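Let's walk through this one together, starting where protein meets DNA and then heading inside.

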Protein chains: 2
Amino acid sequence: MDAPPHWLTSEQQAAWDSFIRMQEKLIGRLSRQVQADSRMSPSDYIVLAKLTEAGGRMRLMDLAKLVEWEKSRMSHQVGRMAKRGLVTKEDCPDDGRGAFIVATPEGREAIEEAAPVHVEHVRRLFIDALTQEELDALARIANRVLTHMEKQPD
Amino acid sequence: MDAPPHWLTSEQQAAWDSFIRMQEKLIGRLSRQVQADSRMSPSDYIVLAKLTEAGGRMRLMDLAKLVEWEKSRMSHQVGRMAKRGLVTKEDCPDDGRGAFIVATPEGREAIEEAAPVHVEHVRRLFIDALTQEELDALARIANRVLTHMEKQPD
DNA sequence: CTAGTGTGGATGACACGTCAACTAAATGGC
DNA sequence: GCCATTTAGTTGACGTGTCATCCACACTAG
């Protein structure tokens, strides 16, 4: 009969707006900073971080799952990174289709140089703005949203 | 003497990871949904929403400031949207450099159709996962981070 | 062994964002 | 009025993300 309540309450809207705004500003700024002081793209950073963290040698598909990317995106990304000398691709003996992605020394050096700087930025922009209680609250909220999302269709 | 504490505590790291993960999943999913059920890109949606909200006729620069984009991005975006018939560009009589961006009827129709669906998705994926207290807490945290970021260099 | 299916990965077309350079008109000082 | 400086907006190159498609190899059933 009567239409469902289409819009958000002003409090809900305010929360959503604040979240979106903060998320955009924060991510945007961190991205620009990674690029500025490491000459790597944010994607390069993530991939290299996860790759070296896992030993520096991984199957493309495993890497994609680890970072939660689709394989196509990872394939493109790895291709570009190979062109820049950050990683190399090796054939996989066990699986004729397979490819190992291997971090080059330059790649290792790049990430080892970039990581502390990046963490410093995260601390300065984000961590330092909040108390540990607020961080805990945020983590709890984020995890709640994540588990709730998993139950939703689509 | 001793190096500064380079890394985050495990609690800090956990909070950061949860936030990033939730943010990526949520934004990713909402983006795909906008595209799926409106045949508009997320950028189209935002621009059209803000534009019509403001009367459907605005200077490009004002629009850019409103959405907090740089003018270049807005110019490209508006160009594409014009090509798709969502907006048109009109010369500005008062300012020879200027351009008015005007939402076309098709643009208005598109956003009016897409908005309720999008809000429903936001509600379903995000709002419904949290209590009003949690939403308030999140808003407070987000605003804290935002004001803290404004004080930081860069 | 072989036919069908599934999986790892590459590829190409396209939309998007960023950066730097550029044009042209407005503005302010003199 | 004239020159220097802003400001509005465009443009092109480039790196990136997505989607659909494709290929080669692996696996399984028969």
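A polar side-chain atom of A:Ser75 sits 2.7 Å from a phosphate oxygen of DNA strand C, and an N or O atom in the side chain of B:Ser41 is 2.9 Å from a phosphate oxygen of that strand. B:Ser72 goes for a base instead: one of its polar side-chain atoms lies 2.6 Å from a base nitrogen of DNA strand C. Keep in mind that this is a predicted model, where local features need pLDDT of at least 70, side-chain atom pairs count only at pLDDT 80 or more, and totals for chains, interfaces and linings use all residues. Residues are numbered from 1 along each chain as its sequence is written, chains are lettered from A and ligands numbered from 1 in the order in which they are written, and side-chain values use heavy atoms, with hydrogens and water left out.

Zooming out, 25 residues surround DNA strand C, with A:Met61, A:His76, A:Arg97, B:Ser72 and B:Arg84 the closest (near here means a heavy atom within 4 Å). Of the strand's atoms that come within 4 Å of the protein, 62% belong to sugar and phosphate. The surface near the strand has twelve charged residues, ten polar and three nonpolar (Asp, Glu, Lys and Arg count as charged; Ala, Val, Leu, Ile, Met, Phe, Trp, Tyr, Cys and Pro as nonpolar; the others, Gly among them, as polar). α4(B) gives the most to this surface, five residues (helices are DSSP H or I runs of at least four residues, numbered from the N terminus).

Now for the inside. The largest nonpolar core has 46 residues, and A:Phe19, A:Leu26 and B:Phe126 are among those with the most contacts inside it (a core joins buried Ala, Val, Leu, Ile, Met, Phe, Trp, Tyr and Cys residues through side-chain atoms within 4.5 Å; buried is under 20% relative accessible area, 1.4 Å probe, protein chains only).

Terms used: A polar contact is a pair of N or O atoms within 3.5 Å; within protein, one must be able to donate a hydrogen and the other to accept it, and residues adjacent in sequence count only if both atoms are side-chain atoms. Helices (H or I, at least four residues) and strands (E, at least two) are DSSP runs, numbered from the N terminus. Buried means under 20% relative accessible area, exposed over 50%, partly exposed in between (1.4 Å probe, protein chains only).
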